[in-house]
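Student: I have a structure to look at and would like to learn how to read its features one by one. Could you take me through them slowly?

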Amino acid sequence: MKFDGLIGNSGIKKTLERPFHAYIIHGPKGSGKHTLANILTAALVCESDEKPCGKCSQCKKFQTGNHIDITYCPTDIKVKELREKLKDASYLPNDAEHRVFVFDQAEKLSTVCQNALLKIVEEPPKHAVFIFITENSKAILQTLRSRCEALSMEPIDEKELVNYLQKPEFARISEEKKAAAVAFSGGYIGVAKDFLSDEKTELYRRCDAFATALAKKKPAELLRAVTFKKREDLAEFSTELYEYFTVHLRSLKTGSTTGLNADVRALGPRRLVSICTRLDDINEKLRFNVNTSLFSTLIVSECYSACWRYS
Ligand SMILES: [Zn+2]
């Protein structure tokens, strides 16, 4: 199989040398799940020797989203509808060698739907292949998971990522900002690219302002940093803030300082671990259960007490 556009991930590339009938592609946002799913789907229908060739009529149909043997199933699908679609799986493909069924955000499939899928994945028709894409594979029934080949997206080498960001499309971005993106990415290209978009830069600036205010014990500035009009924006900020502190915590181990905030690193591992734990808790349990103003107050008070309670 040809993996143009998928950097690193040698484990996955090796696994895919052996054909299988069901895959779960999982990894965090920005880790390349969809890039891989597209390569795999195209390869399953491509008629050239080196798959996917990107040139044959099957590949062309895939690229334009018009391949009759590829079915993209919405994850809010009702089980009756899903069963209807799955009936096709037992027929021979129309054009290609396989019939491919793709489920994006598979963790959102209802339990009845997952059970319906389990039946067919257990005894798959010869030509059918199922691809499940998810950020959270644990939300998929264990019985279904165990019948799929798990493809876990791997973070790539820092050097490879630095090289990638030398591409002309990133030419207008400063080296300093690129270094921050690499530090922030956790080794995932999509995260680094996302970080370099203007919107994300603004969000990162807010996290930085929050963390600086926390490190310097400035409550008024802390409150200003968590003032958002929309609840979704606050939720996104809170997730990003957790990432922000995780990156700084990780940097204490790796010793990398480029693009990072010295005041925040100076808080030391004990405080940073404590902040990350509290934020993780808030994000897990509370982000959907409390109103916006309580949510922002919690972020401030929890972080402040995690950081300064014992000093
Ligand atoms: Zn092809």
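Student: Which residue follows α8, and what is the sign of its phi?

Tutor: Helices (H or I, at least four residues) and strands (E, at least two) are DSSP runs, numbered from the N terminus. Here α8 is followed by G186, whose phi is positive, near 65 degrees. Please keep in mind that this is a predicted model, in which local features need pLDDT of at least 70 and side-chain atom pairs count only at pLDDT 80 or more, while totals for chains, interfaces and linings use all residues. Residues are numbered from 1 along each chain as its sequence is written.

Student: Which residues of α8 are buried, and what covers them?

Tutor: A residue is called buried if 20 or more other C-beta atoms lie within 10 Å of its own, exposed if 12 or fewer, and partly exposed in between, with C-beta atoms placed from the backbone. In α8 the buried residues are K178, A180, A181, V182, A183, F184 and S185, and their cover includes α7 (158-164), α9 and α12. Across the protein, buried residues make up 36% of the 311 residues.

Student: How many residues does the largest nonpolar core have, and which helix gives the most to it?

Tutor: In soluble globular proteins, nonpolar side chains tend to be buried together. A nonpolar core is a set of buried Ala, Val, Leu, Ile, Met, Phe, Trp, Tyr and Cys residues joined through C-beta atoms within 7 Å. The largest one here has 43 residues, and those with the most contacts inside it are A181, A192, F210, L241, F245, I275 and L279. Among the helices that each supply at least two residues of this core are α8 (175-185), α12 (231-254) and α14 (268-286), while α10 gives the most, with seven residues. Apart from this core lies another, of 42 residues, among them L44, C59, F62 and I140.

Student: Which residues does I275 touch?

Tutor: Two residues are in contact if their C-beta atoms, placed from the backbone, lie within 7 Å. Not counting residues up to four places away in sequence, I275 touches F245, C303, A306 and C307.

Student: Why is D208 classed as partly exposed?

Tutor: D208, which is found in helix α10, is partly exposed because 18 other C-beta atoms lie within 10 Å. D208 and N261 are 53 residues apart in sequence, yet 7.5 Å apart in space, C-alpha to C-alpha.

Student: In what order do the strands of the sheet lie, and is the pairing parallel or antiparallel?

Tutor: Strands of a sheet pair through backbone hydrogen bonds, either parallel or antiparallel, and two strands count as paired if DSSP finds at least two bridges between them. Five strands form an open sheet here in the order β2-β3-β4-β1-β5, and the pairing is parallel. The edge strands, each pairing on one side only, are β2 (70-73) and β5 (149-152). Between β2 and β3 (residues 99-103) there are four bridges; I70 has V100 as its bridge partner in β3, and T71 has F101. From β2 the chain crosses through helix α4 (residues 79-87) to β3, and this β-α-β crossover is right-handed, a term for a path from the first strand over the helix to the second that runs clockwise with the strands pointing away from the viewer.

Student: Which domains does the assignment give, and how far apart do their centres lie?

Tutor: Domain bounds come from an automatic or database domain assignment, which gives domain 1 (10-152) and domain 2 (197-308). The C-alpha centres of domain 1 and domain 2 lie 37 Å apart.
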